[in-house]
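Student: Can we go through the salt bridges in this one? I'd like the criteria along with the values.

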Amino acid sequence: MARERYLLDVGEDTIHTGVIELKTRKDKFKNWWHYNKRILLFSAIAAALVISWIVSVVTRVDPDYTVGLITSFSLPTEVREELESYLVPYCDDRNGDGKVKVTVNNYVFGDKSTTQDYQLLQAAYTRFAGDASLGSCMIYIHDEEGVKALGSVLEGFFMYNDGTPMPDGAMDIENASRPWEDYVGLRDFTASGNELNNWTPKVVEELCKRLSVSIRTTDGAVEKDEKLTEYHKDSVKLLERLEKGEKAGTETAE
């Protein structure tokens with residue numbers, strides 16, 4: 001009853017005097033901005049990401065060669081990039097863009113960090129399987145522990161040293177690989193990694209001596225794809241140049 005007495009004879013306009021009235025364009029803009037600024041902010045961020053992706057795609061230089069590195073240790077980024085640059089003079093410009101680019105993909109199997117962390121191990125398997133299915137790598141550099149950790153995945157995967165494909169189920173990888181030292185073009189490679197203090201040029205040199213080099217078999221997906229077949233042939237020629245230490249002499253990618 002008290003409430004009715006307080007409001008007795010009070011008009012409708014007086015009761016609603018607290019309602020905000022947007023009289024000017026400036027007021028209307030402030031109100032619109034208040035309710036839409038988050039949407040605009042998120043839209044701006046999304047647009048920036050899309051533009052960044054487009055720029056990266058347009059300016060990206062596709063690799064002429066991708067080398068797979070199957071090891072029981074994770075190669076520091078600095079060492080991997082040094083190896084990529086080191087291999088460039090031995091490679092030819094396969095995609096005809098006037099530049100030569102080499103990418104080294106490191107698949108880590110068998111070290112303590114990956115065996116103890118299932119997610120890291122699974123990620124390495126996924127990356128290896130994905131690149132293998134696409135035929136991204138024809139040349140693989142590996143150590144004994146990394147190969148053992150992959151196990152049956154590599155059955156029949158490489159080509160024998162005499163040029164014949166390994167049959168399905170075969171795991172005599174020692175007959176389908178050659179030591180790093182057999183390649184004159186690889187002997188002088190060394191680098192220093194800043195990520196770990198013990199990655200000195202001497203350590204890198206000693207680790208490289210434990211590595212072997214193999215080339216993928218032509219059986220399966222490779223022989224069924226004309227582009228992959230040409231890629232395989234070019235990779236064989238690359239290994240021949242590395243064996244002799246003969247550089248291709250093409251322009252390097254920036």
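Student: Glu230, buried or exposed?
Tutor: Neither, because its relative accessible area of 39% makes Glu230 partly exposed. Buried means under 20% relative accessible area, exposed over 50%, and partly exposed in between, with a 1.4 Å probe and protein chains only. This is a predicted model, where local features need pLDDT of at least 70, side-chain atom pairs count only at pLDDT 80 or more, and totals for chains, interfaces and linings use all residues. Residues are numbered from 1 along each chain as its sequence is written, and side-chain values use heavy atoms, without hydrogens and water.

Student: Which residue does Glu230 form a salt bridge with?
Tutor: Lys233, with the closest N and O atoms 3.9 Å apart. A salt bridge here is a side-chain nitrogen of Lys or Arg within 4 Å of a carboxyl oxygen of Asp or Glu. Lys233 is partly exposed at 45% relative accessibility.

Student: Where do the two lie?
Tutor: Both Glu230 and Lys233 are in helix H11 (residues 226-244), 3 residues apart, about one turn of the helix. Helices are DSSP runs of H or I with at least four residues, numbered from the N terminus.

Student: How many salt bridges in the whole structure?
Tutor: The search finds 9. Among them, Glu144 pairs with Lys148 at 3.1 Å between the closest N and O atoms, and both residues are exposed.

Student: What about Glu206?
Tutor: Glu206 forms a salt bridge with Lys202, at 3.7 Å between the closest N and O atoms. Glu206 counts as partly exposed at 34% relative accessibility, while Lys202 counts as exposed at 51%.

Student: Which residues are linked in a network?
Tutor: Arg178, Asp182 and Glu243, through salt bridges.
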